[in-house]
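Colleague: I'm new to this structure and would like to learn how to read it. Could you take me through it feature by feature?

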Amino acid sequence: MDFTLWDIVRNLLAGLQWTLLLSLVAFVCGGVAGLLLLLARISDNPYLRGLARGYIELFQGTPLLMQLFMVFFGIALFGIDVSAWMAAAIALTLFTSAFLAEIWRGCVESIGRGQWEASGSLALSRLEQLRYVILPQAMRIAIAPTVGFSVQVVKGTAVTSIIGFTELTKTGGMLANATFEPFLTYGLVAVGYFILCYPLSLSARYLERRLHAPA
Amino acid sequence: MAYQFDFAPVLAQADLLLKGALFTLQLTVVGTVLGLAIGVLGAVVRAWRLQPFSAVFGAYVELIRNTPFLVQLFFIFFGLPALGVRLSEWEAAVLAMVINLGAYSTEIIRAGIMAIPKGQLEAAAALAMSRFEAFRHVILRPALAKVWPALSSQIVIVMLGSAVCSQIATEELSFAANFIQSRNFRAFETYLLTTVLYLLMAIGVRQLLAWLGQRWLMGRR
């Protein structure tokens, strides 16, 4: 069977859709989990704080590939048949939540102590302080690095090809084997990721510059 | 859960895991040294806007930072032979790590160089330092010292990222893990131990880099 250039591109675009979908799922679910993790990481309870710290350390200190394998083979131990898509979504969510929680913690800690003290003296509870005083300010600072990290999530999805999830990289690998044109195919795969990631990188840089510009 | 954990078949192959871990560390050392060399060169070229090299480095940095390491690795290992460049699995792994770290460290070190106040260079000139002395002591060292924490994290990220090199059969730690679990079918136990090894290596490398930074960059002589 002969492949035209359009056949290669068409198939890669189909793979790209899955890369995009997985990135979105991981980013949204990871964001929600990351927010909970952030609350644990900055709570008054030392056990909760320690637990969150250990979780973050674990996911930042091990390869994403190993996290994928652990989820993939770990869930199977319970006798549950887990698809590559499910394992990929879960592992990337866990991975994303750890990094986002750590990024956001930095943003929360950059808010002056005075803000905590002032809101505390207004008899706001800790959650109210976060909700009405700290987080609105921290969110402004957090936008740029969060958008910047989304690039890492998109790139991270490439690793899921290894457990057999048919996204962009896996599609590229299969096409390279079928067409005997690895140079062209992997080049196009790289272009695909670049098209997804570069606008994100640019917006992160733009947002950062806008934030640091003198008011 | 009815599953019986059994680590014995994995521990029986511990020497393979340790050999793999050692190879991962070797790849990391070579990748770091060469990657940082590219980073320093790129940062200087970018910070001083030496055209046309600055534009070339700019494109290189964007290209590498916006594509996955795995794809870069596949491109080098499977794609480059079409151009007549055939690399062994470990050569391809090292090259991919060097290119990857080179791009990130270019950006990181450039930020450090840009943060050096102009007055420092003027002061160096007033002390009759040669251009090279000024570059070495007044620009490079303080710049590296400023961004050393960021560089250290990036080096650890590259080391952990090298786990995917098992996909081109580079015989590093995750390759050893794949090999062991394919023989004893104890996938979870094997990957659990491997993950712990990676975690210890990450912590160790981070500590080592912090110590090196203290000694070479921030220490007084």
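Modeller: Gladly. Let's start with a small cluster: A:E102, A:R105 and A:E109 are linked in a network of salt bridges. A salt bridge here is a side-chain nitrogen of Lys or Arg within 4 Å of a carboxyl oxygen of Asp or Glu. Before we go on, please keep in mind that this is a predicted model, in which local features need pLDDT of at least 70, side-chain atom pairs count only at pLDDT 80 or more, and totals for chains, interfaces and linings use all residues. Residues are numbered from 1 along each chain as its sequence is written, chains are lettered from A and ligands numbered from 1 in the order in which they are written, and side-chain values use heavy atoms, with hydrogens and water left out.

Colleague: How many salt bridges does the structure hold over all chains?

Modeller: The total is nine. One of them pairs A:D44 with A:R126, where the closest N and O atoms are 2.9 Å apart. A:D44 sits in the loop between α1 (5-41) and α2 (46-60) of chain A, while A:R126 belongs to helix α6 (residues 126-156) of that chain, so the pair ties together parts that are 82 residues apart in sequence. Helices are DSSP runs of H or I with at least four residues, strands are runs of E with at least two, and both are numbered from the N terminus.

Colleague: Are A:D44 and A:R126 buried or exposed?

Modeller: We judge that by relative accessible area: buried means under 20%, exposed over 50%, and partly exposed in between (1.4 Å probe, protein chains only). A:D44 is exposed at 53%, and A:R126 is partly exposed at 32%.

Colleague: What separates A:E117 and A:R113 in helix α5 of chain A?

Modeller: About one helical turn, because they are four residues apart in that helix, which covers residues 113-121. These two form a salt bridge as well, with the closest N and O atoms 3.5 Å apart. A:E117 counts as partly exposed, at 48%, and A:R113 as exposed, at 64%.

Colleague: Now the place where the chains meet. How many salt bridges does the rule find across the interface of chain B and chain A?

Modeller: Two. In one of these, the side chains of A:E57 and B:R206 meet with N and O 3.2 Å apart. B:R206 lies in helix α9 of chain B and A:E57 in helix α2 of chain A, so this pair joins two chains. B:R206 is partly exposed, with a relative accessible area of 30%, and A:E57 is partly exposed, also with 30%.

Colleague: How is the size of an interface often given?

Modeller: It is often given as the accessible area lost when the parts come together. The buried area used here is the accessible area (1.4 Å probe) that two parts lose on being put together, summed over both. Between chain B and chain A it is about 3100 Å², and carbon and sulfur atoms give 78% of that. In terms of contact (heavy atoms within 4.5 Å), 38 residues of chain B touch 34 residues of chain A.

Colleague: Which element gives the most to the side of chain B that touches chain A?

Modeller: Elements that give two or more residues to that side are α3 (53-65), α4 (69-79), α8 (173-184) and α9 (187-218) of chain B. Among these, α9(B) gives the most, with eleven residues. By class, that side of chain B has 26 nonpolar, nine polar and three charged residues. Nonpolar covers Ala, Val, Leu, Ile, Met, Phe, Trp, Tyr, Cys and Pro; charged covers Asp, Glu, Lys and Arg; the others, Gly among them, count as polar.

Colleague: How many helices and strands are there in chain B?

Modeller: Chain B has nine helices and zero strands. Its C-alpha atoms fill a box of roughly 75 × 45 × 30 Å along the principal axes, and 50% of its 221 residues count as buried. Among contacts in chain B between residues at least 6 apart in sequence, 77% join residues at least 24 apart.

Colleague: Last topic: how many disulfides does the structure hold?

Modeller: Zero over all chains, a disulfide being a pair of cysteine sulfur atoms within 2.5 Å. For A:C29, the nearest cysteine sulfur is that of A:C197, 19 Å away. A:C29 is partly exposed, at 36%, whereas A:C197 is buried, at 0%.
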